[in-house]
Structures are given as structure tokens and as C-alpha cells.
Amino acid sequence: VAGVPPDYFSATGQLWGNPLYNWQKLKETNYSWWVERVRANLSTCDIIRIDHFRGFEAYWAVPYGDDTAINGQWEPGPGIDLFNAIKSQLGELPIIAEDLGLMTQGVIDLREATGFPGMKILQYGFDGKHDSRDLPHNYTANTIAYVGTHDNPTARGWYEKLASDREREQADIYLHRSKDEPIGEALSRGIAASVSDTCIHTMQDLLGLDDSARMNIPATVGGNWCWRMKQGAITRHTEDFLRIITEMYFRVYKEEK
């Protein structure tokens, strides 16, 4: 069954329990099930983000009946063959590859072969002393920049509860954060200033909310995906801040002629 190995979020991994794909059978049908799945998603969404993209290079297979994901092992995925089949039938694909977690050279090579943009998470960039691929000066254009995803604490939650003193100091210095600047705005400004083709701002961070507004805690059941923005929560200050960083870093959308 499916899952992920022990990682930053869980010492025992994540045991999802759903059956694994029969990739050999899918290949025999020229991946028609996947083609139709992508086609259906594109009928309702402008852009698709493939979660756990690394599973197409190799996936974590856990023996059925285990209580944790610790005893799993890596099995080879379909690789570029799958995406070539989908592109041959649907054309170029507006897909974001979630390339987080354990990144091997094989996963990097697969992402590069597809041409899909990867993800950069600014919260991951600060450990208090080292450089990181998640710091904006290391970003490349074909990426999507985030302060955090649905699996991360809010910017305030990270800064106030999770980050160490050295990590907070590193973030403040790196972002040239003024004393009275909310950390959510400083981090949002950081991704807007990056060379990533796209940056996605989290509403909770624009509003400066603490971790009670967190969207999801990985490897937990219940109480997730409950946050909703209240009517009237967006203030003139929030509007002005987002407008300023959008214009300042030339991220104003222009329709193609």
C-alpha cells in the first residue's frame, strides 16, 4: 500500500493505506486512465499541481497490514514514459511538480525532462547558519515560490513557535526586515522579489494570522482544512501591501495579445 518514509513531518512516515498503481497494466493501455484523469482536471482547473511528484520516479511501497510506513521500500515508477504519453494526447501541460521531500538526482532529472516548474518554500530556507536551495538567491525562473504550503505552519506560527532564535535572526537579516514589519509580510515580500516565474501568497500570511489558522498538519486526522477567511478580513492595508509588492517586482498580470 502507499505511504511515505519517515521524514521532517513524521518519525514513522505516513501510511496512507490505498492500493498502489499497477504501472505495467497502465502502460499496456498507453496510460489511458491517467490521460483521462488529467483531461478531467484540466476541464475544471487552469493549472494542476501534482502532489508527491517524486512518486513517478520511485514510490514508497509498504507491506499491507503494517501499522506504520517504516518498513516500506522504494519501487521504480513509470518515469518520463507516462508524461510523454499524456503530452502526446493532450499537448503541453500546465502542471506544477511538487518536488519536496527526499529529492534524488533521478527525481530532479525527471522533473527537468518534463519541463514542469518545481516548488520553493521560503520557510525551509532558514536553519540559522547554512545556505539553502529554498533561499531566493538560489531560485531559478522555472519555479513556483511559496512562503509555505498547506502543510506548513503560518508565517507567524513558524516564526513565533517553530523557528529557533538563530533562524529568526537569519530570516530578519536576510529579508532586511524592519522592526515593525510583520513576519508574514517580510516573507511574502521575499518570494515576490525572487526570480521565480510565479509566487503564490498565502492568505493567512497576508493577514498576519497565527498558527490557529493553519490549514493542515501532516500525518494527523481530523481538524484539518477547516480554516475559512471571514468576510471583511481583508483591510485596505492588506490590499495596499499586495498591490505594492506586485507592482514593485513587476508581477502585474498582462494578457497575451
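**View 1. Trp34 and the residues it touches.** In this predicted model, leave out anything up to four places away in sequence and Trp34 still touches Tyr21, Trp23, Leu26, Phe56, Leu82 and Ile86.

**View 2. The largest nonpolar core.** Pull back from Trp34 and you get the largest nonpolar core, with 22 residues. Trp23, Trp34, Phe53, Phe56 and Leu82 have the most contacts inside this core. At least two core residues each come from helix 1 (23-28), helix 2 (32-42), strand 3 (48-50), strand 4 (58-61), helix 3 (80-90), strand 6 (95-97) and helix 4 (105-114). Helix 3 gives the largest share, four residues. Another core lies apart from this one; it has 21 residues, among them Val147, Ala155, Ala163 and Ile191.

**View 3. Helix 7, wrapped up by its neighbours.** Helix 7 (residues 183-192) has 10 of its 10 residues buried, so the rest of the structure largely encloses it. The buried set includes Glu185 and Arg189, along with Ile183, Leu187 and Ile191. What do the buried residues of helix 7 pack against? Their partners are strand 8 (143-146), helix 5 (155-162), helix 6 (165-174), strand 9 (198-200), helix 8 (203-206) and helix 9 (236-248).

**View 4. A nonpolar patch out on the surface.** Tyr8, Phe9 and Leu162 make a nonpolar surface patch of about 320 Å². Tyr8 sits in the loop between strand 1 (2-4) and strand 2 (14-15). Why does Tyr8 count as exposed? Its relative accessibility is 61%, and the cut-off for exposed is over 50%.

Methods. Residues numbered from 1 in each chain as written. Predicted model: local features only at pLDDT ≥ 70, side-chain atom pairs only at ≥ 80, totals over all residues. Heavy atoms only, no water. Core = buried A, V, L, I, M, F, W, Y, C linked by side-chain atoms within 4.5 Å. Buried < 20%, exposed > 50% of the residue type's maximum accessible area, 1.4 Å probe, protein only. Contact = heavy atoms within 4.5 Å. Patch = residues over 30% accessible without salt bridge, like charges linked within 9 Å, V, L, I, M, F, W, Y side chains within 5 Å. Areas by Shrake-Rupley, 256 points an atom, 1.4 Å probe, with all protein chains shown as cover. Salt bridge = Lys/Arg side-chain N within 4 Å of Asp/Glu carboxyl O.
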